[in-house]
Amino acid sequence: MPVHTSQGSQGNHGRGVGLGLALVSAVAFGGSGVAAKPLIEAGLDPLHVVWLRVAGAALVMLPLAVRHRALVKRRPALLAGFGLLGVAGVQACYFAAISRIPVGVALLVEYLAPALVLGWVRFVQRRPVTRAAALGVVLAAGGLACVVEVWSGLGFDALGLLLALGAACCQVGYFVLSDQGSDAGDEAPDPLGVIAYGLLVGTLVLTAVARPWTMRWSVLGGSADMDGTSVPASLLLGWIVLVATVVAYATGVLSVRRLSPQVAGVVACLEAVIATVLAWVLLGEHLSAPQIAGGAVVLLGAFIAQSSAPAKSSQEPVARGTSETGRELSANGTAV
């Protein structure tokens with residue numbers, strides 16, 4: 001009995017750590033828009049901001065790429081898939097979508113990803129999905145509709161909606177690929193190495209799309225306006241690269257290794273709530289009553305999905321599962 005109690009406590013601790021990492025990732029990702037918007041208003045093209053974000057993070061993570069260069073031979077498909085879908089695909093599709101449809105509509109469509117993850121688990125992997133996990137996704141999606149006030153923009157463009165759906169599908173790839181190797185023990189690919197090479201692949205793809213040689217580089221030497229406050233453009237770029245990309249991707253992948261992809265996906269919906277709150281505080285974009293209520297519903301949905309998740313090693317449906325607490329995340333013993 002004491003042994004079982006200890007294992008249960010370790011499992012709860014592991015899920016708690018995974019949830020904490022997922023929240024940090026959501027905060028980091030959520031802050032990207034607040035830092036990017038002043039740069040865009042200062043004269044940078046949105047795709048150029050995306051390229052700076054990914055290329056800068058790739059440069060920061062380059063030493064890890066060199067350290068884990070064996071991954072290129074061991075997991076080339078994983079690295080290419082993560083870079084194409086989890087890095088370049090999500091961001092390129094989303095920015096292309098918001099050029100054709102309202103931002104709120106694009107964001108809502110993109111964050112259908114948690115529901116699509118459940119679909120992947122149920123219909124592709126043929127693993128059972130609990131009612132609680134499904135209810136959490138429904139609540140999160142409904143609350144998210146209120147947060148982004150989807151009713152404020154109804155001028156739909158077919159191509160724009162397809163691009164937003166493409167971003168959602170790419171985000172599914174991010175969660176699914178992040179979970180690859182979580183049950184491989186010492187043979188699991190190092191998550192930080194996967195991120196480093198994913199950023200390098202993403203940089204190559206986005207270079208062809210964004211054409212950074214046409215960028216207004218002079219903007220980076222000046223300042224940008226943040227709700228009446230002048231902020232150095234280089235400081236905003238540093239935040240986007242280091243926090244909104246390096247920290248966000250690292251904690252996001254590690255959280256998926258601790259949680260199941262679908263639970264991490266639901267928690268990731270908090271990014272929209274966090275982004276809206278930060279925009280309120282830093283950019284003066286105030287929240288309405290429906291947005292506040294929607295944020296509470298998103299939190300409730302994330303809590304329900306998380307609280308329904310036992311360990312992957314149990315005999316319960318895998319769609320409710322999380323990674324074992326003591327599972328190592330890489331051949332070097334990297335663990336949270």
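Among the contacts in the protein chain with a separation of 6 or more, what percentage is accounted for by residues 24 or more positions apart? In this predicted model, such pairs account for 85% of those contacts. The protein chain itself has 13 helices and two strands, and of its 336 residues 51% are buried. Its accessible surface comes to about 14600 Å², and 66% of that surface belongs to carbon and sulfur atoms.

A good place to begin a closer look is helix H9, which covers residues 191-210. Counting 1.5 Å a residue, the 20 residues of this helix should span 28 Å, and its end C-alpha atoms are 27 Å apart, which agrees with that expectation. At the start of H9, a side-chain oxygen of Asp 190 reaches to within 2.9 Å of the backbone nitrogen of Leu 192. The buried residues of H9 include Pro 191, Gly 193, Val 194, Ile 195, Ala 196, Tyr 197, Gly 198 and Leu 199, and further along the helix Gly 202, Thr 203, Leu 206 and Ala 210 are also buried. In thinking about such a list, it helps to recall that an α-helix has 3.6 residues a turn, so residues three or four places apart point the same way. What covers the buried residues of H9 includes helix H2 (46-67), helix H3 (71-74), helix H4 (76-97) and helix H10 (233-258).

Two of these covering helices hold residues that are worth following one by one. Thr 245 lies in helix H10 and is buried, because its relative accessible area is 0%, which is under 20%. Leaving aside residues up to four places away in sequence, Thr 245 touches Arg 53, Ala 57, Leu 199 and Ile 240; of these, Leu 199 is one of the buried residues of H9. Gln 91, in turn, lies in helix H4, and at 7% relative accessibility this residue counts as buried. With residues up to four places away in sequence again left out, Gln 91 touches Val 50, Arg 53, Val 54 and Tyr 249. Arg 53 is therefore touched both by Gln 91 and by Thr 245.

Helix H10 also contains Ser 255, which has a relative accessibility of 3% and so counts as buried. A polar atom of the side chain of Ser 255 lies 2.7 Å from the backbone oxygen of Gly 252. The C-alpha atoms of Ser 255 and Gly 16 are separated by 9.9 Å, although these two residues are 239 residues apart along the chain.

The loops deserve the same attention as the helices. Most residues other than glycine have a negative phi. Arg 211, which comes just after H9, has a positive phi of about 50° although it is not a glycine. Arg 211 is placed in the loop between H9 and strand E1 (223-226), and with 47% relative accessibility it counts as partly exposed. Asp 227, in the loop between E1 and strand E2 (229-232), is another residue other than glycine with a positive phi, near 55°. Asp 227 has a relative accessible area of 48% and is therefore partly exposed.

Helix H12, made of residues 270-283, can be checked in the manner already used for H9. At 1.5 Å a residue, its 14 residues should span 20 Å, and the end C-alpha atoms lie 19 Å apart, which agrees. The buried residues of H12 are Leu 270, Glu 271, Ala 272, Val 273, Ile 274, Thr 276, Ala 279 and Leu 283. Gly 284 follows H12 and has a positive phi, near 75°.

The last stop is on the surface, where a nonpolar patch is formed by Leu 112, Leu 116, Leu 159, Leu 162 and Leu 165. Together these residues have about 410 Å² of accessible area, and the largest share of the patch, three residues, comes from helix H8 (residues 158-178). Is Leu 162, which lies in helix H8, buried or exposed? Leu 162 is exposed, because its relative accessible area of 56% is over 50%.

Conventions
Residues numbered from 1 in each chain as written. Predicted model: local features only at pLDDT ≥ 70, side-chain atom pairs only at ≥ 80, totals over all residues. Heavy atoms only, no water. Patch = residues over 30% accessible without salt bridge, like charges linked within 9 Å, V, L, I, M, F, W, Y side chains within 5 Å. Areas by Shrake-Rupley, 256 points an atom, 1.4 Å probe, with all protein chains shown as cover. Salt bridge = Lys/Arg side-chain N within 4 Å of Asp/Glu carboxyl O. Helix = DSSP H or I, 4+ residues; strand = E, 2+ residues; numbered from the N terminus. Buried < 20%, exposed > 50% of the residue type's maximum accessible area, 1.4 Å probe, protein only. Expected span 1.5 Å × (residues − 1). Contact = heavy atoms within 4.5 Å. Polar contact = N/O pair within 3.5 Å; in protein donor to acceptor, adjacent residues only side chain to side chain.
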